[in-house]
Amino acid sequence: MTFFEWFIFFLILQVVHFLGTWKLYVKAGRQAWEAAIPVYNAVVLMQIINRPKWWVILLFIPIVNLLMFPIIWVETCRSFGFNKRLHTILAIITFGFFIYYINYFTDAKHKEDRSLKPQSNLGEWVSSISFAIIAATLVHTYFMQPYTIPTSSLEKTLWVGDYLFVSKFHYGARVPMTTVAAPMVHDTLPIVGKSFISDDTDKDGFLNKLSLPYMRIPGFQKIKRNDIVVFSWPVDSLASMWGDKSGKNTYKPIDKRTNYVKRSVGIPGDSLEVRNGYVFINGKKTVLPDRANPQWFFEVDTDGKQFSQAFIKRYNVREGGTRDGKYILNLTDDEAAAMAENPLVKSITKELKPAGFYDKAVFPHNPQYKWSSDNFGPIYIPKAGVTVALDSKSIPFYEQIIDRYENNNLVVMNDKIYINGKEANSYTFKQDYYWLMGDNRQNSLDARNWGYVPFDHVVGKPVMIWLSWDPNISIFNFSDKIKSIRWDRMFTTVHGSGKPVSYLWVVLTLFAAYFGYSFYKGRKKLTNLEFISTNILLSYFAIFSNCKFG
């Protein structure tokens, strides 16, 4: 829906609220008209149900408000004496309309000084878990989210088995567009399947009109060249929900598309080219951060001799295989140069597709551009407000932007280009775009395959590796689990220069100080249900949140 449509919907909700509660407002000593004034009525309601006024803010935060509405319904019922378990169930399953019954068909009295303490252990658990879900959802959505690294696109920079904290506030947190969705998870739920409500076949279907327009809280930093960025995969249309391996296509809202992580090698306004595997920006070979480890496949001839495990470890070989009796290894230039000095190696050759080789899997997927992942471009990275000429040569680069990312009706017919029914020979971009690639140059599904990434698809900035497991070590018993932990990578920063430094000891010291102080003061005990449930839920979404990339 548009902002105007959402405003109309909001006013309708105010009418529904007024009709269902105005008598209750009067019974609580307020005026009937106070139930009709948007926002103010919520503030008054918090006073009636004896809850803090800041709860009103939670009612307007997408996803969080879905959790708050049932709580408000139940609290309203209890404030007028309807506090039995049946009343709670009726309030929830009727989506709050049970309050209409209380309002019009009962002689309910307002309980001004009712106890807010849960009446049973079950009630305490429900209260604690509700608090934990809301707190975790706020952190997850607007501040910091945990992700896992399952593939090797940024290998030797970010390793398979790394668990990341991704900041949402550096570039500005994206407000969820999908308004009806499960909290804390991305696009899937175990057993249930899809975690959100949408129309899978029609982008403009009724269910998709429930989505909010794109909004973003202002950040304090812009994406810089060579930043590592988490984003929603722009061309994701796979129905890869829980257990769905059919390969079917579906419509997925922007914020529910698969999460990828790559390096932003090109930023808005850049001219980018790949020459023999190296990235050139504005005609100059790009200088990567010293922590970046770009790598390529090398053919290594050992005249039939086999590598030992010590040899593989010495040259930091993390990916590779054999072909026609020769090793095919993924190495950085420095690693390849060092390996070439070893007497065991007869020759070592970087595998590159020559200039002029046409790979149809490479953007813009057009035969007039005979490009491959090793020799590509030059191309222009679109910048908001910049106007480009449109013709048969340029339209392959910008058709996705015009049609899908900026929501225009694009038709190309007989070498003529029509945008929203009018012939066009130029186009002005509405937002910034980025060129995102993996450091694993020949084993990465990235912008060379699908093209530009719009800024409205940007999720956040990885800031810290909080845990790292070696997937090559068995973890079937406790001893192996301990061995599989890469202790030197825990609590290391993602960006920065120099060798990563682990701050694990700092974190452990802070945790020990916190628990010691809390236990000593008695302000928060380890048996507190709220504390336990919060940690259970944080652990849950740390495990099930992931960042997939090729």
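**Exercise 1. State the handedness of the crossing of H4 and H6, then characterise the contact.**

Solution. The crossing of H4 and H6 is left-handed in this predicted model.

Step 1: list the residues. Helix H4 contributes Trp-73, Thr-76 and Cys-77, and helix H6 contributes Phe-98, Ile-99 and Ile-102.

Step 2: sort them by class. The contact of H4 with H6 holds 5 nonpolar residues, 1 polar and no charged.

Step 3: take the geometry. H4 spans residues 64-79 and H6 spans residues 98-105; their axes come within 10 Å and cross at roughly 25 degrees. H4 is therefore roughly parallel to H6, as angles under 35 degrees count as roughly parallel.

**Exercise 2. Find which strands stand at the edges of the open sheet of 4 strands.**

Solution. Step 1: write the order, which is E9-E8-E7-E14, with antiparallel pairing.

Step 2: read off the ends. Strands E9 (284-285) and E14 (376-380) are at the edges; each has a single partner strand, so one side of each lacks a neighbour in the sheet.

Step 3: examine one pair. Strand E7 (residues 271-275) is joined to E14 by 3 bridges in the antiparallel sense. Ser-271 is opposite Tyr-380 of E14.

**Exercise 3. Identify where the pLDDT is below 50 or stays under 50.**

Solution. Step 1: start from the whole chain. The average pLDDT is 86, and 89% of the residues score at least 70.

Step 2: locate the stretches. Residues 474-479 have pLDDT below 50, with 6 contacts beyond near neighbours in sequence. Over residues 540-550 pLDDT stays under 50, and the model has 50 contacts beyond four places in sequence for them.

Step 3: apply the caution. Where pLDDT is low, predicted coordinates should not be read in detail.

Conventions. Residues are numbered from 1 along each chain as its sequence is written. This is a predicted model: local features need pLDDT of at least 70, side-chain atom pairs count only at pLDDT 80 or more; totals for chains, interfaces and linings use all residues. Side-chain values use heavy atoms; hydrogens and water are left out. pLDDT is the predictor's confidence in each residue, from 0 to 100. Contact means heavy atoms within 4.5 Å. Axes are lines fitted to C-alpha atoms, for helices over the stretch in contact, and angles run from 0 to 180 degrees between N-to-C directions. Helices (H or I, at least four residues) and strands (E, at least two) are DSSP runs, numbered from the N terminus. Angles under 35 degrees count as roughly parallel, over 145 as roughly antiparallel, 65 to 115 as roughly perpendicular and the rest as oblique. A crossing is left-handed if the near helix is turned anticlockwise from the far one by less than a right angle, and right-handed if clockwise. Ala, Val, Leu, Ile, Met, Phe, Trp, Tyr, Cys and Pro count as nonpolar, Asp, Glu, Lys and Arg as charged, and the others, Gly among them, as polar. Two strands pair if DSSP finds at least two bridges between them.
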